[in-house]
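Trainee: I have this model open and would like to go through it with you. Please keep it quick.
Mentor: Fine. Put it on screen and ask away.

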Amino acid sequence: MQRIAVVTGGNRGLGLAATKQLAARGYVTVIGSRDIDAGEAAAKALRFEQLAVHASQLDLADSQSVDAFFERVIRDFGRVDVLLNSAGIYLEGADGFLEIDEATLLESINVNTVGAWRTCKAVAPQMIRQAYGRIVNVSSGWGALAGMDANAAAYRISKAGLNALTRVVAADLAKYGDIKVNAVCPGWVRTRMGGPDAELSAEEAASHVVWAASFGENDPTGGFFKLREAIAW
């Protein structure tokens, strides 16, 4: 049986690298992209490499868009086996708690936390029906309460929320079969968000995310990992 994977934000950066790696492993992979032209261009380039990649419009900030996206994917491909929540935003100019405004905080939470809640909620019924699924939330060490600090306030708060979501969804879905839900901190990555001086290439970071997406039945759920090692929440 051919597995079906969805990668949000799969048209660029870490998401694109993860899309390519999943497709190279034999997954039919669907890019969820807010900019459908960018998504289609990325999918077309990967299909040129003989990889089974498709694209569909997805706006994580819009629950109707999320529901419609997964309805299309399940209609066209029959199932979803892997959900990789890669899309995210970093909005701060002034990074401190005292500088950010409410709109910045709410937009960060709406995409980084609630957006992942929307996708998990949309895909969970299908994973329950098939008693199988892998959900990987791309998080950040900046969202770990164990090392919480100043700066990047809205981003940190939204990623802490994503970590909490990971734990809750993992616990709720574990009772329905072989469904694993984990968070991965990919590290400092050379992407548009991470900048040119970051330590890891998108390909290196994506390999750790894809590793968690490929967990077997006896591998953990509800974990937080960096460089394939468990880290503190």
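**Cores, cysteines and spaces**

Trainee: Which residues does F70 touch, leaving out those up to four places away in sequence?
Mentor: F70 touches V6, V80, L83, T119, A122 and V123, with that sequence window left out. Contact here means heavy atoms within 4.5 Å.

Trainee: Before we go on, what is behind these values?
Mentor: The model is predicted, so local features need pLDDT of at least 70 and side-chain atom pairs count only at pLDDT 80 or more, while totals for chains, interfaces and linings use all residues. Residues are numbered from 1 along each chain as its sequence is written, and side-chain values use heavy atoms, with hydrogens and water left out.

Trainee: Back to F70. Which residues have the most contacts inside the largest nonpolar core?
Mentor: V6, F70, L83 and I135 do, in a core of 26 residues. A nonpolar core is a set of buried Ala, Val, Leu, Ile, Met, Phe, Trp, Tyr and Cys residues joined through side-chain atoms within 4.5 Å. Buried means under 20% relative accessible area, exposed over 50%, and partly exposed in between, with a 1.4 Å probe and protein chains only.

Trainee: Which elements give two or more residues to this core?
Mentor: α3, α4, α5 and β6 (178-185). The largest share, seven residues, comes from α4. Helices (H or I, at least four residues) and strands (E, at least two) are DSSP runs, numbered from the N terminus.

Trainee: What lies apart from that core?
Mentor: Another core, of 22 residues, including V7, L22, A212 and F225. In soluble globular proteins, nonpolar side chains tend to be buried together.

Trainee: Now an arginine. Is R134 buried or exposed?
Mentor: R134 is buried, because its relative accessible area is 1%. R134 sits in strand β5 (residues 132-138).

Trainee: What is R134 in contact with, leaving aside neighbours within four places?
Mentor: The list for R134 is D81, V82, L83, M127, D178, I179, K180, A213, F215, G216 and E217. L83 also appears among the contacts of F70.

Trainee: Switching to cysteines. How many disulfides does a search of the whole structure find?
Mentor: Zero. A disulfide is counted as a pair of cysteine sulfur atoms within 2.5 Å. For C120, the nearest cysteine sulfur is that of C185, 18 Å away.

Trainee: Are those two cysteines buried or exposed?
Mentor: C120 is buried, at 5% relative accessibility. C185 is buried too, with a relative accessible area of 6%.

Trainee: Which residues line the second largest pocket?
Mentor: C120 is back here: the lining is W117, C120, K121, A124, L165, V169, D172, L173 and Y176. α4 (102-130) and α5 (153-173) are the elements that give two or more residues to that lining.

Trainee: How is a pocket defined, as against a cavity?
Mentor: Both come from a 1 Å grid over the protein atoms alone. A cavity is a set of points where a 1.4 Å probe fits but cannot get out. A pocket is an open set with protein on both sides within 12 Å along at least five of seven lines. Lining residues have an atom within 4 Å of a point.

Trainee: What is the volume of the second largest pocket?
Mentor: About 170 Å³. Grid points are joined across faces, edges and corners, and a volume is the space filled by probe spheres set on the points.

Trainee: And cavities: how many of 30 Å³ or more?
Mentor: One. The largest cavity has a volume of about 50 Å³. Among the residues lining the largest cavity are T8, N85, V111, N112, V138 and K159.

Trainee: Which element gives the most to the lining of the largest cavity?
Mentor: α4, with four residues.

Trainee: Last topic, backbone. What is the phi of Q50?
Mentor: Positive, about 65 degrees, although Q50 is not a glycine. Most residues other than glycine have a negative phi. Q50 is in the loop between α2 (36-48) and β3 (53-57). Q50 is exposed, with a relative accessible area of 70%.

Trainee: And what about R228?
Mentor: R228 has a positive phi of about 70 degrees and is not a glycine. R228 is in the loop between β7 (224-226) and β8 (229-230). R228 is partly exposed, at 37% relative accessible area.
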